[in-house]
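The exercises below ask you to read a structure step by step, moving from a single side chain to the whole chain. Please work through each task with the model open before turning to its solution.

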Amino acid sequence: NQGYWKEYNLYIGTTPASFTIQNNVAVTGGQTLTLNTPDPRIQVGMTVGGIGIPAGVTVTVIAANKTTLTVTGAAIGTLAANALLTYSFSVLPSISLTTISNEAITITNPAQGFVLPISVVEITAVTGGLTNLIALE
C-alpha cells in the first residue's frame, strides 16, 4: 500500500569525472596494469585510454594492494612508464528511482555533494560509478 511507503531524500556522495594521470610502470603486453602509487579515483568499470592501450580496455579488478589493476578487452601493448592515461566511465553517472508519487525518474549526472530535491522510496538503478549515496529521513 502506497500510504505505508517510507520516503527519503538522497545525498549524492561521489559523482566520478574522467581524469588523466601519469602513474604506471612500463608494460609489455598482458592484462595487468601496475601503478606506482594507489589512486583512489580509479574504480572497477572505468575504461582506460592512452598510447599503448587499445580501445575498449576496462578495469575489472583492483587488487587489495590498490596498485595492481586487471583489465579486459584487447591486451595492453607496449606501454611506457608514466604514460599519460585517461580513466573514465563509458556512460554518464545516473540514478533511477521511484518517488513517493510512484513516478519513475532517472537523473543523469547529478551534482556531487547535494541532496536531491525529491522524495524517494526506491532506487532502481545506478550507473557510471555513482557511489556513496546516503538516504536521509
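**Exercise 1.** With which side chain does the side chain of Ser96 make a polar contact? Place Ser96 in its strand and its sheet as well.

*Solution.* The model is a predicted one, and the steps below should be read with that in mind.

Step 1. The partner is Thr106, whose side chain lies 2.8 Å from that of Ser96 in a polar contact.

Step 2. Ser96 belongs to strand S10, which covers residues 94-99, and S10 takes the middle place in an open sheet of 3 strands, ordered S11-S10-S12 with antiparallel pairing. Strand S11 (104-108) and strand S12 (120-127) are the edge strands, each with a single partner, so one side of each has no neighbour in the sheet. From one strand to the next the twist averages 25°.

Step 3. S10 and S12 are joined in the antiparallel sense over 6 bridges, and in S12 the residue opposite Ser96 is Ala125.

Step 4. When residues up to four places away in sequence are set aside, Ser96 touches Ile105, Thr106, Glu122, Ile123, Thr124 and Ala125. Its relative accessible area is 15%, and because buried means under 20%, Ser96 counts as buried.

**Exercise 2.** Is Asp39 buried or exposed, and which side chain does its own side chain contact?

*Solution.* Step 1. Locate Asp39 in the loop that runs between strand S4 (32-34) and strand S5 (47-49).

Step 2. The relative accessible area of Asp39 is 12%, which makes it buried.

Step 3. The side chain of Asp39 makes a polar contact of 2.8 Å with the side chain of Arg41. Leaving out residues up to four places away in sequence, Asp39 also touches Phe19, Ile21 and Lys66.

**Exercise 3.** Which side chains of S7 point to one face and are buried, and how does S7 pair with S4 and with strand S6?

*Solution.* Step 1. In a regular strand the side chains alternate between the two faces of the sheet. Along S7, Leu69 and Val71 point to one face and are buried, whereas Thr68, Thr70 and Thr72 point to the other face and are not buried.

Step 2. S4 pairs with S7 in the antiparallel sense over 3 bridges, and Leu33 has Leu69 as its bridge partner in S7. Strand S6 (residues 58-62) also pairs with S7 in the antiparallel sense, over 4 bridges, with Ile62 standing opposite Leu69.

Step 3. S6 and S7 form a hairpin with 5 residues between them, and Lys66 in the turn has a positive phi of about 65°.

Step 4. The largest nonpolar core has 19 residues, and Leu33, Ile42, Val48, Leu79, Leu85 and Tyr87 have the most contacts inside it. At least two residues of this core come from each of strand S2 (19-21), strand S7 (68-72) and strand S9 (85-88). Apart from this core lies another, of 7 residues, including Leu10, Ile12, Leu116 and Leu130.

**Exercise 4.** How many helices and strands are there in the chain, and why is the chain described as more spread out than a compact globule?

*Solution.* Step 1. The chain has 0 helices and 13 strands.

Step 2. Its radius of gyration is 19 Å, well over the 14 Å given by the globule rule for 137 residues, so the chain is more spread out than a compact globule.

Step 3. Along the principal axes, the C-alpha atoms fill a box of roughly 60 × 25 × 25 Å, and buried residues make up 32% of the 137 residues.

Methods: Residues numbered from 1 in each chain as written. Predicted model: local features only at pLDDT ≥ 70, side-chain atom pairs only at ≥ 80, totals over all residues. Heavy atoms only, no water. Buried < 20%, exposed > 50% of the residue type's maximum accessible area, 1.4 Å probe, protein only. Polar contact = N/O pair within 3.5 Å; in protein donor to acceptor, adjacent residues only side chain to side chain. Contact = heavy atoms within 4.5 Å. Core = buried A, V, L, I, M, F, W, Y, C linked by side-chain atoms within 4.5 Å. Pairing = 2+ DSSP bridges. Axes fitted to C-alpha atoms, helices over the stretch in contact; angles between N-to-C directions. Rg over C-alpha atoms; globule rule 2.2 N^0.38 Å.
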